[in-house]
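Let's take a walk through this fold, strand by strand, with the viewer open beside the text. Have a look at the picture first, and then we'll pick a starting point.

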Amino acid sequence: MGTTIVITNAVPDTLAPAITLIGPADLQNVSEYNVNLSWRATDNMAASMSCNLTVNSSVVAGPITSANNTIVNRTVALLQNGTFYWNV
């Protein structure tokens, strides 16, 4: 016997989620090895998103559940001096 699936009022999600990096600010000089990184993920349909925190092209934390339009904070240990690039 087969399974019946009924889909009604299906609405395609055509908008990609967006990430806003909040802090530290671009080009900010941080003098501590433990740095707090914060961001906001937004989507027109999802209640939450699964995010990876990346520093210098390496995932350092994740997946991190980020509630829609809510600031998320994570502290990352950067054990050396230098310039670091991060994204979510």
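A good place to begin is A61, which sits in strand 4. Keep in mind as we go that this is a predicted model. A61 is partly exposed, because its relative accessible area of 22% falls between the 20% limit for buried and the 50% limit for exposed. Leaving out residues up to four places away in sequence, A61 touches C51, N52 and L53. You can also measure across from A61 to V88: the two are 27 residues apart in sequence, yet their C-alpha atoms lie 9.7 Å apart in space.

Now stay in strand 4, which covers residues 58–67, and slide along to S66. Is S66 buried or exposed? S66 has a relative accessible area of 0%, so it counts as buried. What does S66 touch, once its neighbours within four places in sequence are set aside? The list is W39, A41, S48, M49, C51 and V72.

S50 gives a nice contrast with S66. S50 belongs to strand 3, and with a relative accessibility of 59% it is exposed, because that value is over 50%. S50 and S66 are 16 residues apart in sequence, but the distance from C-alpha to C-alpha is 6.1 Å. Beyond the residues up to four places away in sequence, S50 is in contact with P63 and I64. As background for reading stretches like these, side chains in a regular strand alternate between the two faces of the sheet.

Strands 3 and 4 have a third companion. Together with strand 6 they make up an open sheet of 3 strands, in the order 4-3-6 and with antiparallel pairing. Strand 4 and strand 6 (86–87) are the edges of this sheet, each pairing on one side only. Between strand 3 and strand 6 there are 2 bridges, again in the antiparallel sense, and there V55 stands opposite W86 of strand 6. In general, the strands of a sheet pair through backbone hydrogen bonds, either parallel or antiparallel.

Next, turn to strands 1, 2 and 5. Strand 1 (residues 18–23) pairs with strand 2 (residues 34–42) over 5 bridges, running antiparallel. Strand 2 is also joined to strand 5 (residues 70–77), by 8 bridges and likewise in an antiparallel arrangement. W39 is a handy residue for following both pairings: this strand 2 residue is the bridge partner of L21, and W39 also stands opposite V72 in strand 5.

W39 turns up again in the interior. The largest nonpolar core has 13 residues, and those with the most contacts inside it are L37, W39, L53, V55, V76 and W86. Strand 2, strand 3 (48–55) and strand 5 each supply at least two residues of this core. For a feel of how the pieces meet, click on V76: not counting residues up to four places away in sequence, V76 touches Y33, N34, V35, L37, L53, V55 and V60.

From the core, move to the largest pocket, with a volume of about 680 Å³. Its lining has 23 residues, and Q28, V30, G82, T83 and F84 are the ones nearest the centre. Strand 1 and strand 2 are the elements that give two or more residues to this lining. By type, the lining residues of the largest pocket divide into 14 nonpolar, 7 polar and 2 charged.

Finally, there are some backbone details to check. Most residues other than glycine have a negative phi, and most peptide bonds are trans. The peptide bond from G23 to P24 is cis, with omega near 5 degrees, and P24 lies in the loop between strand 1 and strand 2. Another cis bond joins G62 and P63, with omega about 0 degrees; P63 is in strand 4, and P63 is also one of the contacts of S50.

Two asparagines are worth a look for their phi angles. N56, in the loop between strand 3 and strand 4, has a positive phi near 50 degrees. N56 is partly exposed, with a relative accessible area of 35%. N69 is found in the loop between strand 4 and strand 5, and its phi is positive too, at about 60 degrees.

Terms used
Residues numbered from 1 in each chain as written. Predicted model: local features only at pLDDT ≥ 70, side-chain atom pairs only at ≥ 80, totals over all residues. Heavy atoms only, no water. Pairing = 2+ DSSP bridges. Helix = DSSP H or I, 4+ residues; strand = E, 2+ residues; numbered from the N terminus. Core = buried A, V, L, I, M, F, W, Y, C linked by side-chain atoms within 4.5 Å. Buried < 20%, exposed > 50% of the residue type's maximum accessible area, 1.4 Å probe, protein only. Contact = heavy atoms within 4.5 Å. 1 Å grid on protein atoms, 1.4 Å probe; cavity = no way out; pocket = protein on both sides within 12 Å on 5 of 7 lines; lining within 4 Å. Points joined across faces, edges and corners; volume = space filled by probe spheres on them. Nonpolar A, V, L, I, M, F, W, Y, C, P; charged D, E, K, R; others polar.
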